[in-house]
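Visitor: I have just opened this one and don't know my way around yet. Could you walk me through it?

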Amino acid sequence: MMHEREKSDRFTVPKKPSNKAERSAAEKAEGRSLAKGNPLRGDTNRMQSRSKVNSALRRIRQAAERDRKVRFTSLMHHIYSVDTLREAYFSLKREAAPGVDGETWRHYGLELEERLQDLSERLARGAYRASPAQRVYVPKADGRQRPIGVPVLEDKIVQRATVAVLNQVYETEFVGFSYGFRPGRGQHDALAALNTAIVTKKVNHVLDADIRGFFDAISHEWTVKFVEHRIGDERVVRLIQKWLKAGVLEDGIWKQAEEGTPQGGSASPLLANIYLHYVFDLWVQQWRTKQAHGDGIVVRFCDDFIVGFQYRFDAELFLADLKERFLKFGLELHPEKTRLIEFGRYAASDRKLHKLGKPETFDFLGLTHICGITRSGKFTVQRKTIRKRLRTKLKEVRAELRRRLHDPIPEVGHWLRSVVNGHCRYYGVTGNYPSISRFRYEVAKSWYRVLRRRSQRVSLTWERMARLIKRWIPPARIYHPGRSMKQLQLGVQT
């Protein structure tokens, strides 16, 4: 049943008058056209719409917080609001690859208001149809190919608008140890939480788990059932079903999707989080209350999760129960990538006592986690870039440098600056300075080798190269220093 305040807000809040000015005052006076690449009529209309959208979303969030069990029966009008669709359009990447219809962000924006109005009307009367996603493949760090589904632009807009609305409901529902694809949370929050939890909690064993083909294994039937726990608006549920059933187009051949949700759209991460919220998160909380004997931690980033235990028998029981739990919902742990290892403050001494060598390591979100000791002799978790990822990235940089062999030095320098900056901004965590410093050094050395091949007559001296490196390649820098427990406000289960 729809919340009474929600009904009142829907029908009594007066609408602000629309801004009908098609051009700015300066453009009218001087007879100039709109600047290239700016398809809309001005910033005022968008700012007003953003204010209305934020106000509507805030009311949904407040209703969800007041009653954590209420089912929302009237949300669709928020999704097909032109203001919501407009904000969704502007939140998309400008240069993203087009879908099967070839429609680009800029071309769609040439007649934006008319197109959004038409889209809104089709959504309102149920005439909107989801198009199949374009199947493309991107290389993974291990050399395999990851299948990605690229939706058409209108599907991207509607998905982004739907996610913006549903996030207000589910952000009050999701648990604290879930970090993936949530507003205000990211990989570094998950990494910081994991690091602090292992150091401060009684963790002696770690389950490093991997779900085999998760996005391709998601059950459509279970997904709809999980969504209906909180969403009672049948139109929103049907909208989600349209995306699940739209299928993919690969090499000109349409393939219907019986299960799974293709990665690439805005709806997939949210649906994945909803699925694992009910399959994994709530179950873990209950399991730890009823089954666990010792301390433990959980950190999940979408389908990647780490579970820590104080006692090994807890860890073994949990792993057996988790396999059975996943099987019920069509999921399976990857047998080769799921490991239960000894890891924590006593791992090194225990393994030394049994002559087992150093503690094993585990990888999470691009970083290898290692049992270490601080200068004062205290236990810590050392982190460094996964070796395979570092090699793969350097290989890509060297190939691109060879391709840009005869490009102007400033152009290549700008590109290398963005590459090194981006690498450091992700991998620049406390303790990983040697890895990011090595990456910078290898990039500079590769550039030097390429530049020396440009001319057979004039040899590039190292002195000149050092000046180029200083000018174009930024120094390695730690962007994510350690944070205290209070700063993190951890959702780790204790």
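**A first walk through the chain**

Guide: Let's start with one pair of strands. In this predicted model, strand 9 and strand 10 (residues 367-373) run antiparallel and are joined by three bridges.

Visitor: Which residue in strand 10 is the bridge partner of Phe364?

Guide: Leu367 is the bridge partner of Phe364.

Visitor: And how many bridges are there between strand 10 and strand 11?

Guide: Seven bridges, and that pairing is antiparallel too. One of the partnerships is His369 with Arg383, the latter in strand 11. Five residues sit between the two strands of this hairpin, and Gly377 takes a positive phi near 90 degrees there.

Visitor: What is the strand order in that sheet?

Guide: The order is 9-10-11, in an open sheet of three strands with antiparallel pairing. Strand 9 (362-364) and strand 11 (379-385) are at the edges with a single partner strand each, so each has one side without a neighbour in the sheet. On average, neighbouring strands here are turned by 40 degrees against each other, direction ignored.

Visitor: Which helix packs on the sheet?

Guide: Helix 9 (residues 187-200) does, touching strand 9, strand 10 and strand 11. The direction of helix 9 makes about 150 degrees with that of strand 11.

Visitor: OK, zooming out. How many helices and strands are in the chain?

Guide: The chain has 20 helices and 11 strands. It has 494 residues, and 49% of them are buried.

Visitor: What about the exposed surface, how much is there?

Guide: About 26200 Å² is exposed, with carbon and sulfur atoms supplying 49% of that area.

Visitor: And the contacts, what share of them join residues at least 24 apart?

Guide: The share is 72%, counted among contacts between residues at least 6 apart in sequence.

Visitor: Now the inside. Which residues of the largest nonpolar core touch the most other members?

Guide: Ile157, Phe280, Phe318, Phe364 and Trp447, out of 133 residues in that core. Helix 13 (residues 267-290) gives the largest share of the core, with 13 residues. As background, nonpolar side chains in soluble globular proteins tend to be buried together.

Visitor: Take Phe280. What is it in contact with?

Guide: Leaving aside neighbours within four places in sequence, Phe280 is in contact with Phe177, Val298, Arg300, Phe305, Val307, Phe318, Leu322 and Phe326.

Visitor: Back to helices. How many residues of helix 8 are buried?

Guide: 16 of the 18, so helix 8 is largely enclosed by the rest of the structure. Helix 8 covers residues 153-170, and its end C-alpha atoms are 25 Å apart, which agrees with the 26 Å it should span at 1.5 Å a residue.

Visitor: And helix 18, how far does it reach from its first C-alpha to its last?

Guide: Helix 18 (residues 433-452) reaches 29 Å with its 20 residues, close to the expected 28 Å. Its buried residues include Phe439, Val443, Trp447 and Tyr448. What the buried residues of helix 18 pack against is strand 11, helix 16 (387-403), helix 17 (409-427) and helix 19 (462-472).

Visitor: Different topic: charged residues. Is Arg351 buried or exposed?

Guide: Arg351 is buried: its relative accessible area is 12%, and the cut-off for buried is under 20%. Arg351 is in helix 15 (residues 347-353). Not counting residues up to four places away in sequence, Arg351 touches Glu342, Leu356, Gly357, Lys358, Pro359 and Glu360.

Visitor: What about Asp208, which strand does it lie in?

Guide: Asp208 lies in strand 3 (residues 205-210), and at 11% relative accessibility it counts as buried. With residues up to four places away in sequence left out, Asp208 touches Ile306, Lys337, Thr338, Arg339, Phe362 and Asp363.

Visitor: One last thing. What is the phi of Asp251?

Guide: Asp251 has a positive phi of about 55 degrees, although it is not a glycine. Asp251 lies in the loop between strand 4 (248-250) and strand 5 (253-255), and it is exposed at 72% relative accessible area.

Visitor: And Cys302, buried or exposed?

Guide: Cys302 is buried, with a relative accessible area of 2%. The phi of Cys302 is positive, about 55 degrees, and Cys302 is not a glycine. Its loop is the one between strand 6 (296-301) and strand 7 (304-309).

Note on methods. Residues numbered from 1 in each chain as written. Predicted model: local features only at pLDDT ≥ 70, side-chain atom pairs only at ≥ 80, totals over all residues. Heavy atoms only, no water. Helix = DSSP H or I, 4+ residues; strand = E, 2+ residues; numbered from the N terminus. Buried < 20%, exposed > 50% of the residue type's maximum accessible area, 1.4 Å probe, protein only. Contact = heavy atoms within 4.5 Å. Areas by Shrake-Rupley, 256 points an atom, 1.4 Å probe, with all protein chains shown as cover. Expected span 1.5 Å × (residues − 1). Core = buried A, V, L, I, M, F, W, Y, C linked by side-chain atoms within 4.5 Å. Pairing = 2+ DSSP bridges. Axes fitted to C-alpha atoms, helices over the stretch in contact; angles between N-to-C directions.
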